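Work through the exercises below with the model open. Try each task before you read its solution.

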Amino acid sequence: MTKISKIWLVGAAIAALATLNAQQGGRAAALPVKPVPAPTSPVSGNAASGKALYYKYGCYACHGYNGETGARPFVGRWGHLATEQDFVTFLRGRANVAPVVPSTSMPNFSAASLPDKDAKDLYAYIRTFKSSAPESKDLSTLNAIVDAAKREKN
Amino acid sequence: MAKSPKTSVGRRGFLKGAATGAAALVTTPIVEAQRRPNEAPTPAGSAPGPTDSQLARDAGNVRPPATVRAITRPGSDLMVQTVKDLGIEYAAANPGSSFEGLQESFINYGNPPNRMPEWITALHEESAVTMAHGYAKAEGKPMLAVLHGTIGIQHAAMSIYQAYYDRVPVLMIAGNDPDFIPAHTAHDMAGMVRSYTKWDAEPKTVEEALVALQRAYNEAITPPMAPTLVVINSEIQKENVPNLQVPAYKPPQFSTIDSTHAREIAKSLLAAQNPRIAVGRLRTPEGVNRAVELAELVGACTSTTATTGPMSFPQRHLLCGPGADTTYDYSLGLETPAAQVYIQGPNLAKVAATRDTENIGFAGLNGGGFGGNRAGRGRASAGTLLEADAEASLPLIIDQVKQQITSDQKSRVQERAAKHARANHDAHVTALEQAIEVKKAGWNGSPICTARIYAELWPLIMNEDWCLASPSNFSGGHNVQLWEHNKPYSYLGGQGAGGMGYGAPASVGAALAAKARNRIVVNVQTDGDLNYAPGVLWTAVHHKLPMLSVMHNNRAWHQEYMFIEYMAGVRGRGANRAEIGSTLRDPFIDYAKMAAGYGMASEGPISDPTKLSAALKRGVASAKRGEPYMIDVITQPR
């Protein structure tokens, strides 16, 4: 139990952000992002192979097992995933643009570490992801929380 | 110091005899009586072999011979009385021979015995101290951790360090038995942890020990709060002190602002059209009450740190929030620098300057990146610092406000407070509506999203008296947006120094506080963290603690996993081996079985989100009965 590490730094950063939000009034702002429709561009890879790669390369670590959760969910935020080529370019371009200190914590994936075929298989799997979030009106648990807050007396 | 004579020989006595030769032991009548009539005397200069009776006793097969009670009032009884008088509720310890006298007093002295404090069985010294850490954050006062000499202190060292960084008062006693096992003693036992404790002492007499315990308590609860340690020699624990009394206890003096500043602050709060009070982490629940009183007296909207840690302003108090008008013409900070004028106690850097004589230089004690509300001063502030304890200063300001306030000002305060209340309520509902649009992401996915754990838990506990004792940052911090933190102990915050192995023992400590107060404790337990010292689950069962543990089981030290992936990517070597050394697979750990092994009711693993709510209901019901419960939930990584 001697781990004073980056875990702490990340935790502290999160805590600091939460503190900052809380200082504004005791609750952190959590602004929803309007979902972007899933791309409809062609897919050439093999989704089954891509699933294995998604796990092997630990993509779920930051994007969740379903692309919906974690540090960088992408279901509904398809920015760099609009097309297969966009995706591959994104992976490769990062290595070329910022080889040592990338602008975000997304790892670099050079062709040497993730061949084009694998990247396309990954993309095929990612494209199978869909939102599992129900319509807000159907979420009785969450709506009950809001209703309870509304009922509180002024 | 007079040494008490040995009156019996147990396992320890036997070991001592074997190590040091016959002379020291065979002189006592008891040992003489135990020698077999036909046993040959031990040759001079060689260690004696064990007798049959000694071996039998060592194996626990023979009751000790009845003896005339020579000790009528052991020093350790008075030490326990001193701790009782300080209002200590619990003493947690893993057994150690260096405090056998003390432990015997804790469990047998008093009427009824073993109450206030109650002896809590810990399976690891680290757990004992972290229990005290969690307890103190929940109650705003220390409990006791008792440590074995040298080895127990070293087991506890990490948790002491963590409590230190978290500015948490923990009272510790360590036994020292210089005549027993050399490896378990030291010339300066407290030296091992001196650089991250606030005060220590090694008294030479019983009387000195009693004074030292009182001083250690006072030092621990006086800002900057921190762990303190009294090393007590095993012989003075056993010394007979028939005529000694516990000295009168003198509570500590807390530094306050002076009356001039109190008058000026009150005047400014009352003169302001829209005052603001920023509330950080106060010392005790009483401080929170005083902060509420002041805010209500002057109609100031407030900020709080209740969503990041204990002892701050109630999150859903009508005055808590940005208020009707965010242009504030006067702001007062209480243990936070985010204000025009702020009252803040001394930080740990001042303690470290005198304690860290080896210049280890633990980083961040001046707020250099480790969070202003913990050890150091925090973010730079343009405000004016009044270095004093905010909690102790509040009554002075309140008195001044009461003296100065006019009837016109009272009317204005009421009007302003009503406006703030409406605005804060609306802001809260809006924030919640926005939050659920984010929290619903992955709602029906499997493994289960962490937001759903918090969302499903909240309706089950919102009408209970609850405490979230585990850090929530690694599990998404969803309580921050979805729950309402209105009690000083609603959320106990982070680990203090980012050390793992904190969640479960801190929750057990909080549950000790909760047990007598009809409160339940929620522990959203990360899997890597639990595996440091899971034996604390047994402690929760053994002492019937109202604690629900919900595993955030992502089967990895997940943050490290992501860091390794990143590093592999930076170096162009691919991330496909990042799981080596950072995941908990092959085999998966079955936490429901682990809990069951410690006697805890449990279920899981659950990966189907539709089964979560029913499991949580069972868990909350069990915790309310004082039967700790574990639900193993297979989760999304974050």
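## Warm-up: the overall picture

In chain B, 79% of the contacts with a separation of 6 or more come from residues 24 or more positions apart. Keep in mind throughout that this is a predicted model.

**Exercise 1.** Find how many helices and strands chain B has, and what share of its residues is buried.

*Solution.* Start with the elements. Chain B has 23 helices and 16 strands. Next, burial. Chain B holds 638 residues, and 57% are buried.

**Exercise 2.** State where confidence in chain A is lowest and where it is highest.

*Solution.* Begin with the whole chain. Chain A has a mean pLDDT of 77, and 71% of its residues reach 70 or more. Then compare the helices. Helix α1 (residues 6-23) of chain A has the lowest confidence, with a mean of 38. Helix α5 (residues 116-126) of chain A has the highest, at 97. Last, look at residues 1-30 of chain A. Their pLDDT stays under 50. The model has 82 contacts beyond four places in sequence for this stretch.

## Domains

**Exercise 3.** List the domains of chain B, then describe how domain 2 and domain 3 of chain B meet.

*Solution.* Take the bounds from the domain assignment. Domain 1 covers 1-70, domain 2 covers 75-238, domain 3 covers 259-356 + 363-423, and domain 4 covers 440-634. Now take the pair. The C-alpha centres of domain 2 and domain 3 of chain B are 34 Å apart. Each of these two domains of chain B gives 15 residues to the contact. On the side of domain 2 of chain B that touches domain 3 of chain B, 6 residues are nonpolar, 3 are polar and 6 are charged.

## Sheets

**Exercise 4.** Trace the open sheet that contains β4 of chain B, and name its edge strands.

*Solution.* Write down the order. The 6 strands run β2-β1-β3-β4-β6-β5 (chain B), with parallel pairing. Find the edges. These are β2 (118-121) and β5 (199-201) of chain B, each paired on one side only. From one strand to the next, the twist averages 20°. Then zoom in on one pair. Strands β4 (residues 171-176) and β6 (residues 228-233) of chain B pair in parallel over 6 bridges. Ala174(B) has Val231(B) in β6(B) as its bridge partner. Finish with the helix. α8(B) lies across β3 (144-147) and β4 of chain B, at about 135° to β3(B).

**Exercise 5.** Do the same for the open sheet that contains β14 of chain B.

*Solution.* Order first. Here 5 strands run β12-β13-β14-β16-β15 (chain B), again in parallel pairing. The edges are β12 (466-468) and β15 (601-606) of chain B. The twist averages 15° from one strand to the next. Next, the pair. β14 (residues 547-553) and β16 (residues 629-634) of chain B run parallel and are joined by 6 bridges. Val550(B) has Ile631(B) in β16(B) as its bridge partner. Helix α16 (residues 450-461) of chain B lies across β12, β13 (520-526), β14 and β16 of chain B. Its angle to β13(B) is about 175°.

**Exercise 6.** Explain why strand β7 of chain B counts as largely enclosed.

*Solution.* Count burial. In β7 (residues 275-279) of chain B, 5 of the 5 residues are buried, so the rest of the structure largely encloses this strand. Check both faces. Pro275(B), Ile277(B) and Val279(B) point one way, Arg276(B) and Ala278(B) the other, and all are buried. Now the partners. β7(B) runs parallel to β9 (residues 330-334) of chain B, with 5 bridges. β7(B) also runs parallel to β8 (residues 301-303) of chain B, with 3 bridges. Ala278(B) has Gly333(B) as its bridge partner in β9(B) and stands opposite Ser303(B) in β8(B).

## Single residues

**Exercise 7.** Is Ala138(B) buried or exposed? Decide for Ile151(B) as well.

*Solution.* Locate Ala138(B): helix α7 (residues 125-139) of chain B. Count neighbours. With 29 other C-beta atoms within 10 Å, Ala138(B) is buried. Beyond four places in sequence, its contacts include Pro310(B), Cys467(B) and Tyr489(B). Turn to Ile151(B), in helix α8 (residues 151-165) of chain B. Ile151(B) has 16 C-beta neighbours inside 10 Å, so it is partly exposed.

Methods
Residues are numbered from 1 along each chain as its sequence is written. Chains are lettered from A and ligands numbered from 1 in the order in which they are written. This is a predicted model: local features need pLDDT of at least 70, side-chain atom pairs count only at pLDDT 80 or more; totals for chains, interfaces and linings use all residues. Two strands pair if DSSP finds at least two bridges between them. Helices (H or I, at least four residues) and strands (E, at least two) are DSSP runs, numbered from the N terminus. Axes are lines fitted to C-alpha atoms, for helices over the stretch in contact, and angles run from 0 to 180 degrees between N-to-C directions. Two residues are in contact if their C-beta atoms, placed from the backbone, lie within 7 Å. Domain bounds come from an automatic or database domain assignment. Ala, Val, Leu, Ile, Met, Phe, Trp, Tyr, Cys and Pro count as nonpolar, Asp, Glu, Lys and Arg as charged, and the others, Gly among them, as polar. A residue is buried if 20 or more other C-beta atoms lie within 10 Å of its own, exposed if 12 or fewer, and partly exposed in between; C-beta atoms are placed from the backbone. pLDDT is the predictor's confidence in each residue, from 0 to 100.
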